[in-house]
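Student: Could you take me on a close look at the surroundings of the ligand? I would like one connected account, please.

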Amino acid sequence: MAVTRGEFSSRFGFVMAASGSAVGLGNIWGFPTQAASNGGAAFLLVYLILAFTLAYPALMAELIIGRHAHANAVSALRLVSPNRLIGNIGALAGIAGLIVASLILSFYAIVAGWMIAFFLSSIADLLGMEKLSLWLVSFSTWRNLLFMLIFMTLNIGVISAGVQGGIERWSARLMPVLLTTLALLVVYVLTLDGAMEGLRVYLLPDFSQILSPRLIINALGSAFFSLSLGVGTMLIYGSYIKDEENLPLVGGMVTVLDILIAVLAGFLVLPAMYVALHSGVEIFTESGSLISEDTLIFTVLPELFATMGITGIIVSLTFFFLMSIAAVTSSISMLEVPVAYAIEEHGIDRKLTTVAVGCTIAAISACILLNFDSLFGAVITLTTRYSQPLLGFVFCIYAGWVWRRDLLLQELRKGNPDISEGLFWKIWPWYVKLVCPVIILAIFAQSIWG
Ligand code: PHE
């Protein structure tokens, strides 16, 4: 099918888009709360080790396969396969990936909708519209549906504009705003009373937890989710990279940025919790652990902001603005996965495809919202805990075992002719071949039967 493919115009554009995909609610919300409930800096340490030794090699597998094929995951895994059977299995994994990406987007859009609602509620507070502000922060089916739809419309708008006009343009605009906003918030929160106590909890490791299977599984899940692995997102972004680009280098930049922002978010969220404690807000559960997940973001932090008067409204507005941006740059990358597949495999026009796929995912989101108690948590567990590591495993197998090593090297040489002499080529092939698959499976087995 002769469809002209999009391409990122520059290295900066790619790094912003891929780190925009990586940096999302997983970093700013997931990582700090996981760290808080898993031994603080002990979690941070395990996370850093896993991110560099497992997630980075898995990210490289996706980027290299994608760039080689200049196609979506389904065609790409077929292309690197030596025969039809293995090709078909790869294609099935690619299809599973696009289903998982769509399902992740269907719950992500709900949470992102809440972020936008909380952001608007702060504006309503500033304007003195109390009733509206209260409605915006109250959990109701109508509010949830409305903001999920608004969020999906934003996504459809960006993705229908294509790779350069949509993904690259918006990521390059929003990522610097995200970084600046996050840095400003960190600096501000660290000046408040109680912040140092939070910093202590974050940075003092509880080494007694470091080998606990729960900590390791959580850190692996976080690293995979955070780097957007296992669903073909990084593969499709890799497929839009120019041939001259040095892949290990740009993949490294994305990994470092992603980790950096997660770590930075820890400097915001944990100190903020202890500032809240200092102001009389309850931050511990009955069992004595720190409150985490949705209660933290939608109850503890807003209660903290409420004790700070007008400054609190501004801080709240900034915080939920940050969360909304992080959510948009990640979710466009999820939507791109099924959209790219439909365009390339079935030759359908981008705008039409984006609207059709976006509406289908919005319909799935609506089903989740209407059966919230039974579906919301189940979809998150199914996609992030089981599917992502398993599909990440499949991508590693295709890069490490299925694809011919000389062809793989040829692909890497395009952007870095001397790569075979460097450290990357000495270590990485063994990593994707043996280390990554074995460790992913071991951790996975432990999470099911352990
Ligand atoms: N990496 C994103 C985050 O941290 C989530 C994501 C998962 C994005 C899978 C794309 C694909 O929030």
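Tutor: Happily! In this predicted model, the shell around the ligand is made up of six nonpolar residues, ten polar ones and no charged ones. Of those 16 residues, the ones that come nearest are Ala22, Gly26, Tyr108, Phe225 and Ser226.

Let's go through the polar contacts. Tyr108 contributes through its side chain, where an N or O atom is 2.7 Å from an oxygen atom of the ligand. Ala22 uses its backbone instead: one of its backbone N or O atoms lies 2.9 Å from an oxygen atom of the ligand. Ser21 also takes part through a backbone N or O atom, and here the partner is a nitrogen atom of the ligand, 3.2 Å away. As for exposure, the ligand taken alone would expose 320 Å², and the protein buries 100% of that area.

Now for the place itself. The ligand sits in the largest cavity. Two or more residues of the shell come from each of these elements: α1 (11–22), α2 (25–37), α10 (213–226) and α14 (309–346).

Helix α2 is worth following a little further, with an eye on aromatic rings. The whole structure holds 26 aromatic pairs, and one of the residues involved is Trp29, whose ring centre is 5.8 Å from that of Phe298; the planes stand at 90 degrees, so this pair counts as edge-to-face. Trp29 belongs to helix α2 and Phe298 to helix α13 (residues 293–306), so the pair links distant parts of the chain, with the two positions 269 residues apart in numbering.

Conventions:
Residues are numbered from 1 along each chain as its sequence is written. This is a predicted model: local features need pLDDT of at least 70, side-chain atom pairs count only at pLDDT 80 or more; totals for chains, interfaces and linings use all residues. Side-chain values use heavy atoms; hydrogens and water are left out. A residue is near a molecule or strand if one of its heavy atoms lies within 4 Å of it. A polar contact is a pair of N or O atoms within 3.5 Å; within protein, one must be able to donate a hydrogen and the other to accept it, and residues adjacent in sequence count only if both atoms are side-chain atoms. Accessible areas come from the Shrake-Rupley method with a 1.4 Å probe; for residues, only the protein chains shown count as cover. On a 1 Å grid over the protein atoms alone, a cavity is a set of points where a 1.4 Å probe fits but cannot get out, and a pocket is an open set with protein on both sides within 12 Å along at least five of seven lines; lining residues have an atom within 4 Å of a point. A molecule sits in a cavity or pocket if more than half of its atoms lie within 2 Å of its grid points. Helices (H or I, at least four residues) and strands (E, at least two) are DSSP runs, numbered from the N terminus. Ala, Val, Leu, Ile, Met, Phe, Trp, Tyr, Cys and Pro count as nonpolar, Asp, Glu, Lys and Arg as charged, and the others, Gly among them, as polar. Rings of Phe, Tyr and Trp (its six-membered ring) pair if their centres lie within 6.5 Å; planes under 30 degrees apart count as stacked, over 60 as edge-to-face and the rest as tilted.
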